[in-house]
Amino acid sequence: MFVIKSESRRQTFYMYLFISPWLVGFLIFALYPILSSLYYSFTDYDIIHPPQFIGLANYTEMFHNELFWRSVKVTLRYTFISVPVQLLLGLGFALLLHQTLPWRGFFRTAMYFPSMVSGVAMSLLWYWIFNPQIGLFNYMLSWFGIQGPAWLMNPDTALYALIIMSLWTAGSGMILFLAGLQGVPASLIEAANLDGAGRFRIFLNITLPMISPVLLFQLIMGLIDSFQVFTQAFVMTQGGPNYSTWFYVYNLYTSAFKEYRAGYSSALAWVLLIVVMLFTAVIMRLSRRYVHYEGGSRR
Amino acid sequence: MSTVKATRPLGPPSRLRRRFKPVKLASFITLLLTTFLMLLPLFFMVSTSLKSKREMLKFPPTFLPESWAWSNYTDIFETLQFGTMYKNSLIIAGLSVLGTLLSSALVAYGFARYRGRGNNFWFILLLSTMMLPYPAIMIPQFVLFSKMQWIDTFLPLIVPAFFGSAYNIFLLRQFFSTLPEELFDAGRMDGCGELRMWRTIALPLSAPALATVAIFAFIYSWNDLLTPVLYLSSSDKFTLPVGMASLTSSRFRIPPWHLLMVASVLAMVPIVTLFAIAQKQFVEGIVLTGIK
């Protein structure tokens with residue numbers, strides 16, 4: 001009895017010793033900021049002078065603020081188009097590359113390559129590609145006799161241009177899907193094949209359930225990332241033209257660091273946090289019935 | 001029909017291969033086309049970076065430069081403090097990688113090897129911080145760092161990395177959990193301390209996972225724009241993304257596309273190099289840790 005107790009105490013001691021860097025970091029870089037941002041969200045605060053408590057004023061202002069609603073609409077539209085299409089493309093490429101094909105290594109690297117150009121470099125490159133006069137995109141459209149729009153300078157097309165750009169990095173999702181596909185036991189597929197199941201049925205009934213954790217992981221991470229789009233808006237469009245790319249985090253950034261309204265901006269941050277948590281919770285709940293975890297019959 | 005099926009696994013594979021041939025051919029052609037589309041922007045990025053100021057404005061764009069303007073690659077170091085920015089970015093990314101590797105490997109080991117009290121609670125808390133959007137904590141962090149007089153220094157961009165990052169801890173924890181217990185029992189018999197077992201047993205066996213984390217951490221720090229934009233104000237401290245973002249600003253009437261592309265190419269170099277060196281380990285690392 002004594003031996004068991006001291007063993008568990010030893011385990012606890014070493015666990016806390018090893019995880020202490022993260023525990024300290026969690027307190028300083030997550031818990032403390034999140035609680036103070038909740039407090040700031042009820043204040044009028046310009047970062048220089050001490051915050052003044054103003055109750056719910058920031059939140060009520062938000063709901064009457066046109067730019068807030070604009071940023072919500074822009075961000076949701078971007079997310080609901082780009083995330084599903086990116087997932088489908090990533091999965092599609094992974095399925096194609098999971099077969100034994102010539103040049104497989106080349107294709108895999110080539111598809112992943114664009115993901116290495118993310119951030120500002122990618123924004124600069126596509127800034128040129130979407131240039132209506134000399135850019136690559138409209139030049140390629142002209143091969144098919146299509147006169148392309150002014151993309152980033154046109155309020156009707158600017159957001160779609162950014163969505164098209166986001167699909168260019170579907171290769172990073174492909175790598176994760178490929179890893180997932182390698183974990184599907186070949187014996188299962190062979191057995192189904194012997195039972196006379198076609199390719200499509202095997203995919204639907206075996207492959208898809210087996211890689212569903214990867215799919216779920218990417219769906220949630222993809223949502224969280226696309227709710228936070230900033231670089232594209234900052235580098236390519238500055239939220240324009242006519243606020244057509246006024247993303248939520250760009251709105252949050254301008255409120256805090258251009259208009260010096262850190263209180264209002266903190267309220268925006270808290271709404272973002274709540275929305276992310278809600279989306280994640282709903283997806284996790286819905287997915288419980290569809291996502292298959294190895295070794296765990298979670299009933 | 002059923003007799004044919006029963007003999008298939010025993011018979012020669014030629015039948016099977018023939019059946020899949022059209023699918024594979026279609027796959028191959030699809031891949032060829034999409035890869036072409038994916039690589040085309042990259043090709044033009046490099047080609048435009050080598051065009052003269054006059055040629056970059058030509059339409060339709062020329063595939064290859066008419067005269068190769070290699071001088072673009074030296075010009076950019078003169079017009080912008082490109083060398084300084086490059087150095088700044090390398091210092092920040094390098095130290096961030098070091099910090100992330102050290103701290104994440106320690107923490108992940110703690111979560112994976114010790115079934116201490118509260119293990120699950122803290123691990124779930126760690127996972128939920130992955131869902132914490134950076135903008136939600138950005139303002140208090142800014143206030144905190146400005147109170148510490150860290151504004152316009154590299155410290156806000158480096159120090160947090162030394163406290164571990166949730167995603168990488170998660171990856172490494174998944175990997176460490178697969179290491180067989182016997183290895184550590186043997187180490188304990190030899191009188192190894194816990195920290196020494198981490199260093200001499202766990203770390204050397206984890207090269208693929210560590211390489212993956214290093215690449216993720218490097219790419220993250222190298223591409224980050226929002227944090228340096230918040231904290232760095234003097235131009236000699238700018239990182240590459242901040243400096244490059246300023247290239248599109250209104251001080252040029254016509255954007256200097258050729259120089260923008262030079263900057264983009266040069267910004268890619270360290271990532272591609274790193275990937276080329278660690279590609280095998282990187283892919284292996286993702287497969288092993290499984291992300292599930």
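Which residue forms a salt bridge with Glu194(B), and how far apart are the closest N and O atoms? In this predicted model, the partner of Glu194(B) is Arg10(A), and the closest N and O atoms of the two are 2.9 Å apart. The pair crosses between chains, for Glu194(B) belongs to helix α10 (residues 194-205) of chain B, while Arg10(A) belongs to helix α1 of chain A. Side chains of opposite charge can pair when their charged atoms come close. Over all chains the structure holds seven salt bridges, and the count between chain A and chain B is one.

**The contact between the chains**

Chain A brings 95 residues to the contact and chain B brings 98 residues. Together the two chains bury about 9,000 Å², of which 79% lies on carbon and sulfur atoms. On the side of chain A, Phe18(A), Trp22(A) and Phe29(A) supply 10% of the area that this chain buries against chain B, which is more than any other three residues supply.

Polar contact is also present, with a count of 13 residue pairs between chain A and chain B, both residues of each pair being at pLDDT 80 or more. The element that gives the most to the side of chain A that touches chain B is helix α1 (residues 2-40), with 23 residues. The classes of residue on that side of chain A are set out below.

| Class, side of chain A that touches chain B | Count |
|---|---|
| Nonpolar | 70 residues |
| Polar | 21 residues |
| Charged | four residues |

**A bent helix in chain A**

Helix α10 of chain A, which covers residues 199-227, should not be confused with the α10 of chain B that carries Glu194(B). The helix in chain A has 29 residues, yet its end C-alpha atoms are only 36 Å apart, short of the 42 Å that a straight helix would reach at 1.5 Å a residue. Where does α10(A) bend, and by about how many degrees? The bend is at Ser212(A) and amounts to about 50 degrees, and a proline, Pro213(A), follows within four residues.

**The loop between α11 and α12 of chain A**

Two backbone details fall in the loop between α11 (231-237) and α12 (248-257) of chain A, where Pro241(A) has its place and where Asn242(A) also lies. The peptide bond that leads from Gly240(A) to Pro241(A) is cis, with omega near -10 degrees. For Asn242(A), phi is near 50 degrees, a positive value in a residue other than glycine.

Methods: Residues numbered from 1 in each chain as written. Chains lettered and ligands numbered in written order. Heavy atoms only, no water. Contact = heavy atoms within 4.5 Å. Buried area = accessible area lost by both parts, 1.4 Å probe. Salt bridge = Lys/Arg side-chain N within 4 Å of Asp/Glu carboxyl O. Polar contact = N/O pair within 3.5 Å; in protein donor to acceptor, adjacent residues only side chain to side chain. Nonpolar A, V, L, I, M, F, W, Y, C, P; charged D, E, K, R; others polar. Expected span 1.5 Å × (residues − 1). Bend = angle between axes of the 7 residues up to and from the residue.
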